[in-house]
Amino acid sequence: MRHYLHLADLRTRVGDEIGLSDWVTVDQARIDLFADATGDYHWIHTDPQRAAAGPFGTTVAHGFLTLSLIAELAATAFAVGDERIVVNYGLNRVRFPAPVPAGSRLRGRFRLLAFEPIDGGAQVTTEVTVERDGHDKPVCVAESVTRRYT
């Protein structure tokens, strides 16, 4: 966990890695809960027997589940001391270069792409690379845009 005393401290870190998260396990129970929340019950995610004969040999997490983990990963990657609130403003580019088989451990690597002052804070764009333990290819690469207020 990297700590920054003030939001303004990020201004000089554009282009730098600003945090690396703890590992998070994506097990079948979490995949099933995501299916319940979204109504996406495709067999590749929820049917271990059928998925065993599928292209990955097991069930895999939904891409959007992987994407939704960015908030959890960010919470253990970096913190800003004088932030009052952080609001998800959106995403720019999102790609899922590799699958997330059930039972995978993931972590997020955060690189600051942009820091733009706004009233009461800053709009911060980070490139988030979600890595799978033991594999070279990332499972998700996204540009996350947040509005951070002090």
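User: What makes the lining of the largest pocket mixed in class?

Analyst: By class, this lining holds nine nonpolar, five polar and one charged residues. Ala, Val, Leu, Ile, Met, Phe, Trp, Tyr, Cys and Pro count as nonpolar, Asp, Glu, Lys and Arg as charged, and the others, Gly among them, as polar. The structure is a predicted model, in which local features need pLDDT of at least 70 and side-chain atom pairs count only at pLDDT 80 or more, while totals for chains, interfaces and linings use all residues. Residues are numbered from 1 along each chain as its sequence is written, and side-chain values use heavy atoms, with hydrogens and water left out.

User: Why is this called a pocket, and what makes a residue part of the lining?

Analyst: On a 1 Å grid over the protein atoms alone, a pocket is an open set of points with protein on both sides within 12 Å along at least five of seven lines, and a lining residue has an atom within 4 Å of a point. The largest pocket has a volume of about 270 Å³, a volume being the space filled by probe spheres set on the grid points. Its lining numbers 15 residues, and those closest to the centre are Ile70, Ala71, Asn88, Ser144 and Thr146.

User: Which elements supply at least two residues each to that lining?

Analyst: They are helix H4 (63-68), helix H5 (70-77), strand S5 (85-95) and strand S8. S5 gives the largest share, with four residues. Helices (H or I, at least four residues) and strands (E, at least two) are DSSP runs, numbered from the N terminus. The protein chain has five helices and eight strands, arranged along the sequence as β-β-β-α-α-α-α-α-β-β-β-β-β.

User: How do you know that S5 and S8 pair, and in which sense?

Analyst: Two strands pair if DSSP finds at least two bridges between them. S5 and S8 have eight bridges and run antiparallel, so they meet that criterion. Within this pairing, Val87 has Arg147 of S8 as its bridge partner.

User: What makes strand S7 largely enclosed?

Analyst: A residue is buried at under 20% relative accessible area, exposed at over 50%, and partly exposed in between (1.4 Å probe, protein chains only). In S7 (residues 121-132), 11 of the 12 residues are buried, so the strand is largely enclosed by the rest of the structure. Across the 150 residues of the protein chain, 38% count as buried.

User: Which strands pair with S7, and over how many bridges?

Analyst: Strand S6 (residues 104-118) is joined to S7 by 12 bridges, in the antiparallel sense. S8 (residues 140-149) is paired with S7 over 10 bridges, also antiparallel. On the S6 side, Phe110 has Val128 of S7 as its bridge partner. On the S8 side, Gly121 stands opposite Tyr149, and Glu127 stands opposite Glu143. The hairpin of S6 and S7 has two residues between the strands, and Gly120 takes a positive phi near 85 degrees there.

User: Why is Thr129 called buried or exposed?

Analyst: Thr129 lies in strand S7, and its relative accessibility is 17%, so it counts as buried. Setting aside neighbours within four places in sequence, Thr129 is in contact (heavy atoms within 4.5 Å) with Arg107, Gly108, Arg109, Pro138, Cys140 and Val141.

User: Why does Ile118 fall into its accessibility class?

Analyst: Ile118 belongs to strand S6. The value for Ile118 is 23% relative accessibility, and it therefore counts as partly exposed. Beyond neighbours within four places in sequence, Ile118 is in contact with Gln123, Arg147 and Tyr149.

User: What makes a set of residues a nonpolar core, and which members of the largest one touch the most others?

Analyst: A nonpolar core is a set of buried Ala, Val, Leu, Ile, Met, Phe, Trp, Tyr and Cys residues joined through side-chain atoms within 4.5 Å. The largest has 31 residues, of which Leu10, Val26 and Phe110 touch the most other members. Elements giving two or more residues to this core include strand S3 (24-26), helix H1 (28-38), S6 and S7. Val26 is in contact with Ile31, Ala61, Leu65 and Leu69, among others, when neighbours within four places in sequence are left aside.

User: How do you know that residues 24 or more positions apart contribute to the contacts of the protein chain?

Analyst: Such residues account for 70% of the contacts with a separation of 6 or more. Ala114, in strand S6, offers a comparison of sequence and space: Ala114 and Leu10 are 104 residues apart in sequence and 9.3 Å apart in space, C-alpha to C-alpha.

Terms used: 1 Å grid on protein atoms, 1.4 Å probe; cavity = no way out; pocket = protein on both sides within 12 Å on 5 of 7 lines; lining within 4 Å.
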